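Thanks for asking me to look at this one. Here are my notes, point by point, for reading with the model open beside you.

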Amino acid sequence: MLAAILIAASAPAGATTLRDYLGRADLSTLVPGAERLGPPAGEPPIAPALSGDKTVGYVYLNTDFAESTGYSGKPIRLLVGLGAGGVLTGFQLVEHKEPIVLVGIPEKRIVAAVNRLIGTDLSKIASGAATAPQVDIVSGATVTVLVIGDSIVRSATRLIHSGRLAAVQGQTAAPAEKAPAKINPDVTQTLDWNALLAEGAVAQLRLTVGALNEAFAKANPKAATAPEAGAPDDVFIDLYAALVSVPAIGRSLLGEEEYRRLAERLRPGQGAILVAANGLYSFKGSAYVRGGIFDRFEILQHGSGFRFRDKNHQRLGALAADGAPGFNEIGLFVASPETDFDPTEPWRLQLLVQRAVGEDKFIVIEDLNYRLPEKYLVRQAPVPQAAQAPAPAPEAAPLWERMWRGNVGEIAITVAALVALTGIFFFQNHLVRRPALYARIRGAYLIFTLVWLGWWANAQLSVVNVLTFSNALLTGFNWTYFLTAPLVFILWSAMAVALLFWGRGPFCGWLCPFGALQELTNHAAQRLKVPQYRVPWGLHERLWPIKYIIFVGLFGLSLSSLASAEQLAEVEPFKTAIVLKFMRSWPFVLYAVSLLVAGLFIERFFCRYLCPLGAALAIPGRIRMFEWLRRWPECGSPCQRCAAECPVQSIHPEGHINVNECIYCMHCQELYFDDQRCPHMIQLRLKREKREALSSPSMRR
């Protein structure tokens with residue numbers, strides 16, 4: 001497989017079409033064997049790749065045919081090479097503004113992740129006869145990699161559908177019409193396990209540890225440095241699949257009673273698949289428990305694929321067929337009607353095995369092919385059709401839509417967490433009157449924010465989002481980019497509303513994974529008796545503006561060079577500590593760890609003085625419409641208790657709360673209602689107790 005090369009030089013001013021980039025085309029990468037490019041022709045233009053006088057392929061610019069807006073909000077432009085028959089021969093990345101690639105993740109990793117597509121016959125994908133291979137996922141750059149892969153496939157599909165590739169355009173003969181089929185209801189004989197295997201009603205995929213290690217070594221030499229433990233002949237997975245919605249197969253494997261319950265659930269034509277396995281590897285994994293989706297295997301048919309969710313799954317303990325072995329895990333999966341799964345047509349189960357080596361992730365894909373034996377089908381004579389060009393397959397849904405559909409579980413969890421947080425804020429006065437309960441709720445929420453929202457879902461908001469959004473408003477706004485990251489979009493939408501009610505506090509104090517990491521590590525330090533340093537008020541007040549200066553500088557720079565501003569936005573340690581989980585070069589790790597160490601002595605050190613995102617949120621937060629934090633007349637004069645105990649010193653000595661700096665931890669509100677610690681409440685309690693004492697029967701006697 002040829003590696004695509006990435007050109008880091010900036011694109012020519014105003015470059016938007018193929019002609020602007022052909023001067024930098026590397027033919028050895030784009031169309032191996034081509035000697036030169038012919039003049040671009042047509043609209044959008046495509047350039048023939050020539051060897052002598054023979055056309056051996058074509059070169060085009062992806063953005064001429066399909067949108068490719070990346071994480072930066074700017075198009076990712078690629079030169080794409082197609083063979084005359086529609087095979088992807090190479091690609092060359094010629095312009096991008098992706099911050100995660102400019103700083104942080106090596107460009108070669110992004111290119112290598114998409115190289116899996118090279119050699120794919122995209123004409124089959126365009127006709128619906130096949131589906132595109134899955135690109136490798138690069139942790140921290142998922143959106144960028146998916147956008148590149150999606151753009152290559154989508155643009156090539158549109159070009160092929162246009163009929164402008166000569167070899168594809170010549171395919172005018174219609175394929176032989178296949179007789180339509182349906183399940184034969186007359187086949188009712190149940191069979192034992194060996195008979196089902198022999199006739200193909202049960203299909204098998206057996207993968208040993210040695211074969212898996214060889215597959216990873218072929219995929220990437222680095223993947224071979226962390227081989228699977230065990231002897232080469234050890235069974236990594238022994239996987240079986242069967243179409244149990246077919247009555248005879250279902251009764252054989254499930255038993256009469258279990259099949260009857262399944263049949264009552266199925267709609268006419270709906271398919272049900274049984275999957276069972278032994279070995280070291282679980283085809284179920286645990287993601288379906290966390291997010292409701294089985295992400296280790298996929299069902300592919302007619303060029304499209306789908307995964308099962310927990311609601312489509314039923315756990316089974318054993319199989320009813322005579323001679324069936326015991327299995328570590330058995331699952332019964334029902335295909336949803338919207339998948340358009342046809343039980344009478346061949347399909348395949350695609351098993352994904354992922355291996356992490358440091359910060360790199362590698363994937364090996366193994367296929368279990370399934371074709372229902374003809375004895376279970378009944379066919380009618382086909383209706384003759386005139387020769388015609390094959391109808392193109394329907395174009396896949398936009399990437400952002402697929403991202404939302406594929407993350408339904410994570411979206412539901414995030415929305416539920418936001419609803420819970422809204423309840424906490426609206427009913428804060430009731431909660432803070434119970435300090436022990438409130439402390440447990442807040443601690444649990446911070447752990448959720450750090451572990452699930454941050455490290456698991458990578459939904460860490462950043463000042464880069466602010467700069468990108470502002471730049472998009474100035475240069476041509478498009479929702480597509482912002483919708484490609486569903487959780488980030490939801491969090492920003494929630495923050496836009498929260499700013500009107502509470503300012504920046506909901507994000508900075510509750511929804512920022514790095515802020516949660518600082519607070520949790522500081523609380524651990526306090527338990528370990530690490531001394532806490534309180535910055536003198538005069539110095540503290542003068543350190544506040546630093547983060548605003550940083551933000552204004554980044555914003556001003558972004559107006560002239562968004563890429564440069566995104567590089568300097570590394571002042572945020574979010575990418576290192578949360579997105580990449582400290583798996584990065586040592587200067588970035590040292591910087592992030594240094595900030596956390598400072599936070600052990602000064603709670604939320606980074607939030608207080610350096611965070612440009614906090615400054616960006618504080619500015620629009622000044623337009624909040626409500627004041628939720630209560631104060632007594634004595635606050636600040638003479639009482640200084642709240643000011644002294646505020647974790648981030650956001651309360652001025654004269655008593656008022658600086659909402660621009662407040663993280664809404666509600667500690668001051670706990671004190672506000674505490675008649676054992678708040679001087680005002682203590683006086684009210686003493687007066688109440690005195691009245692009660694004077695009005696008691698013993699005093700009246």
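1. A word on burial first: a residue is called buried under 20% relative accessible area, exposed over 50% and partly exposed in between, using a 1.4 Å probe and protein chains only. By that scale K218 is exposed, at a relative accessible area of 74%. K218 sits in helix 8 (residues 209–219). Its C-alpha atom is 9.5 Å from that of V364, although the two residues are 146 apart along the chain.

2. Please keep the origin of the coordinates in mind: this is a predicted model, in which local features need pLDDT of at least 70 and side-chain atom pairs count only at pLDDT 80 or more, while totals for chains, interfaces and linings use all residues. Residues are numbered from 1 along each chain as its sequence is written, and side-chain values use heavy atoms, with hydrogens and water left out.

3. Now the overall picture. The protein chain has 31 helices and 16 strands; these are DSSP runs numbered from the N terminus, with helices being H or I of at least four residues and strands being E of at least two. Of its 701 residues, 50% count as buried. The accessible surface is about 31500 Å², and carbon and sulfur atoms hold 59% of that (Shrake-Rupley method, 1.4 Å probe; for residues, only the protein chains shown count as cover). Among contacts (heavy atoms within 4.5 Å) with a separation of 6 or more, 72% join residues 24 or more positions apart.

4. One sheet to look for is open, with five strands in the order 1-2-3-4-5 and antiparallel pairing. Strand 1 (36–37) and strand 5 (88–95) stand at the edges with a single partner strand each, so one side of each has no neighbour in the sheet. Strand 1 pairs with strand 2 (residues 47–51) over two bridges, in the antiparallel sense; pairing here requires that DSSP finds at least two bridges between the strands. L37 has A49 of strand 2 as its bridge partner.

5. Strand 8 (residues 235–243) deserves a look too. Which strands does it pair with? Strand 7 (residues 202–208) runs antiparallel to strand 8 and is joined to it by seven bridges, with L205 partnered by L239. Strand 8 also pairs with strand 9, again antiparallel, over six bridges, and here A242 is matched with L274. Eight of the nine residues of strand 8 are buried.

6. Helix 10 (residues 256–265) has two sides worth telling apart. Its buried residues are E258, Y259 and L262. Seen down the helix axis they fall within an arc of 95°, so they line one face of helix 10 (the arc is that of the directions from the helix axis to the C-beta atoms). E256 and E264, on the other side, are exposed. The cover over the buried residues includes helix 9 (247–254), strand 9 (272–278), strand 12 (313–316) and strand 13 (329–334). Helix 27 (residues 612–621) is mostly covered, with eight of its ten residues buried.

7. Where is Q460? It lies in the loop between helix 15 (435–456) and helix 16 (463–475). Q460 is buried, at 4% relative accessible area, and its side chain reaches the backbone nitrogen of F514 at 3.2 Å. That distance fits a polar contact, a pair of N or O atoms within 3.5 Å; within protein, one must be able to donate a hydrogen and the other to accept it, and residues adjacent in sequence count only if both atoms are side-chain atoms. Leaving out residues up to four places away in sequence, Q460 touches N465, F507, C512, P513, F514, F574 and I578.

8. On cysteines, the count is zero disulfides, a disulfide being a pair of cysteine sulfur atoms within 2.5 Å. For C508, the nearest cysteine sulfur is that of C611, 6.1 Å away. For C668, the closest is in C642 at 5.7 Å, too far for a bond. C508 is buried at 7% relative accessibility, and C668 is buried at 12%.

9. Finally, two backbone angles. R604, in the loop between helix 25 (586–601) and helix 26 (605–609), has a positive phi near 55° without being a glycine, and its relative accessible area is 0%. Y664 also has a positive phi, about 60°, and is not a glycine. Y664 is in the loop between helix 28 (641–645) and helix 29 (667–673) and is buried at 3% relative accessibility.
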